[in-house]
Amino acid sequence: MSYIVRRLFLLPVTLILASILIFGVLRILPGDVAQAILSQGGEGRYTEQEYQALRQQLGLDRPLYVQYASWLWDMVRLDLGTSMYLKTPVVKELARGLPLTFELALIAWLFSMAIGITMGVITAVRQDTWVDYVLRIVTISGVAMPAYWTGSLVILLLMVAFAWLPPVGVVPLWQDPWANLQQFIFPALIIGFHQAVIIARMTRSTMLEVLRQDYMRTAWAKGLGLVTGVRRHALKNALIPVVTLSGYQFGNLMAGALVMEFIFTIPGLGRTLFEAINVRDYPLVQALVVFTALIFVVSNLLVDIAYGWLNPKVRYR
Amino acid sequence: MAVGSFARRKPLGFFGALLIMASVSAALLAPIIAPHDPVEIFFGKEFRAPGGEFLLGTDKYGRDVLSRLLYGARISLSVGLASVALGATVGSFIGVLSGFLAGSTFDTMFQRLVDALMAFPTLILALILSVALGASVGSVITAISLSFAPQALRVLRSAAISAREAQYVEAARAIGCTTPRVFFLHVLPQCVAPYLIIGTAMLGQAITIESAISFVGAGPPPPTATWGNMLAEAVRHYAERAPWLVILPGLAISLTVYGFNLLGDAVRDVLDPRLRGH
């Protein structure tokens, strides 16, 4: 209990440090957003006066700590500011892209658990058989191959075999769930597969450990069938570290989703983030990155709490 | 010889080492064995399929794919090795110090810093840093090493803490060994094994992240050839027309990362004290 309280206490400290990091990193960049706006992507020309005037207007000429303090104060009041480059409120950009990225990450996460745990259990139970070897080759290649390469290959296959083209927009979930899922299923499967192999390896080793235990021998001696024995006794114990690992991976999943959006032309946060970084759009990048960090840190905390609840040794202390 | 026994004990690791040597030789010998200049444009010879004059074909601008792959190896490998060497070493050393001085202000300060750095997924951190520092090889190296350092710091910190608890350390102190002596002679050597393990494990990751950074356009800009670059161009524009442009760079990345992973696994199997006496 006190462990959780301590962690909750550390959360804002970590986030503030992270926000300082992001703030600092962006500000040391050469070139700034005023330049990007005025030059309109490198084509317009502007005078030094126009440049200074725009800087003043955007508040870029204030000392750094003043800028940071004012930004932090805005954040606390949940005023995420306006994108300097796109001239739209940051919240709007977030609201547009976040659901898509989050949906992709969530579906991918579910896939990774389903595929990973299944593969892991099978390779553990059927250790050293041909099934094990085949699946281990699959898992190893999943680890080495970059996800965006697998994605590209899948797109290649779809284009060549089915004359399919990446769709331009995305149909929202509530409007037409089936079309929406159709578009998400491939990228989610690919990201999910790459995370699944990590989970499979972990499941395999914990499962192997559990299967060697005496209580499993009792189960088999009792005459319990393979499936029942595994399901009732082995699975729960083997899965505890796996579930926590999977939870910690959620951050990497979101990062993977950001890259995958490129290939499958899903207008989520990925494209927004990369464009914003490139034009040094401070408010947008800061808000997006702090938001990502928030999701990451909160999900880690949830995993810690879930572990405390799942592990009977911790729960019934 | 040690190499022979390693090959016999860990055939997979040896295979991984072979793959790595292939990549490394490709990178080192690129200026000698590349048939063409990687940025040289051959007008009228765009999108040639592999075979004939250009062994692995040409790309959109008529550049030789084989030469670009060879020169790309130089970048991927140098970034991977340099960033791991830098990040793992710096992170590990601070980690060992931090663990040795556990509970002090030095330690707490770095712990908070590590927490803050680890609040970002590795790829995102590396991406932001490399965009911040400009799109060049040096900035990608710095970015990736900064993303890996916290991990190394944490692992080595716990290694140092457990090394510190050993009885021989207690004995050393009892007979009056000075603290620096205890640190360098007793604690530090125990931390070499974890350092090598995470170092080799990070190598594959580093190359993956480097190619991901190039893929989204935050790496060395064109016409420099990196594997990630080549893949990005191929995917975004003409996958259907020239499938070899999609397959080949990805294959290069996968095989190299695979080799490093195999080697890393073998190193861990040999050095991890928990798996010893198996």
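Here are some notes on the two chains of this predicted model, taken point by point.

1. Let me start with the overall make-up of chain B. Chain B holds 11 helices and 0 strands, so to speak a run of α-α-α-α-α-α-α-α-α-α-α from the N terminus on. Its C-alpha trace spans about 80 × 45 × 30 Å along the principal axes of chain B.

2. On packing within chain B, 51% of its 278 residues count as buried. If you take the contacts in chain B between residues at least 6 apart in sequence, 72% of these join residues at least 24 apart.

3. The interface deserves a good look. On one side are 31 residues of chain B, and they are in contact with 38 residues of chain A. The elements of chain B that give two or more residues to its side are helix H4 (105-117), helix H5 (122-132), helix H9 (192-215), helix H10 (227-237) and helix H11 (243-271). Of these, H11(B) supplies the largest share, with 8 residues. By type, the side of chain B that touches chain A divides into 22 nonpolar, 6 polar and 3 charged residues.

4. Next, the largest nonpolar core. This core has 152 residues, and the members that touch the most others are A:Met260 and B:Ile128. Helix H3 (residues 65-100) of chain B gives the core its largest share, 15 residues. In chain A, domain 1 (2-76) and domain 2 (92-310) both contribute residues, so the core lies between these two domains.

5. B:Ile128 is worth selecting in your viewer. Leaving out residues up to four places away in sequence, B:Ile128 touches A:Val25, A:Ile277 and A:Val289. Recall that B:Ile128 is also one of the two residues that touch the most other members of the largest nonpolar core.

6. Two helices of chain A can be checked for their span. Helix H5 (residues 90-125) of chain A has 36 residues and reaches 50 Å from its first C-alpha to its last, close to the 52 Å expected at 1.5 Å a residue. Along H5(A) there is a kink of about 30 degrees at A:Gly97, shortly before the proline A:Pro99.

7. Helix H7 (residues 147-162) of chain A has 16 residues, and its reach of 22 Å, first C-alpha to last, is close to the expected 22 Å. Buried residues in H7(A) include A:Ala147, A:Tyr148, A:Trp149 and A:Thr150, with A:Gly151, A:Ser152 and A:Ile155 buried as well. After H7(A) comes A:Ala163, which has a positive phi, near 50 degrees.

8. Is A:Arg212 buried or exposed? A:Arg212 has 9 other C-beta atoms within 10 Å, and a residue with 12 or fewer counts as exposed, so A:Arg212 is exposed. As for its place in the chain, A:Arg212 lies in the loop between helix H8 (177-211) and helix H9 (214-222) of chain A. A:Arg212 and A:Pro146 are 66 residues apart in sequence, and their C-alpha atoms are 35 Å apart in space.

9. A last residue to look at is A:Tyr68, which lies in helix H4 (residues 64-76) of chain A. A:Tyr68 counts as partly exposed because it has 17 C-beta neighbours inside 10 Å, a count between the 12 or fewer of an exposed residue and the 20 or more of a buried one. From A:Tyr68 to A:Pro89 the separation is 21 residues in sequence and 19 Å in space, C-alpha to C-alpha.

Definitions and conventions: Residues numbered from 1 in each chain as written. Chains lettered and ligands numbered in written order. Predicted model: local features only at pLDDT ≥ 70, side-chain atom pairs only at ≥ 80, totals over all residues. Contact = placed C-beta atoms within 7 Å. Helix = DSSP H or I, 4+ residues; strand = E, 2+ residues; numbered from the N terminus. Nonpolar A, V, L, I, M, F, W, Y, C, P; charged D, E, K, R; others polar. Core = buried A, V, L, I, M, F, W, Y, C linked by C-beta atoms within 7 Å. Domains from an automatic or database assignment. Expected span 1.5 Å × (residues − 1). Bend = angle between axes of the 7 residues up to and from the residue.
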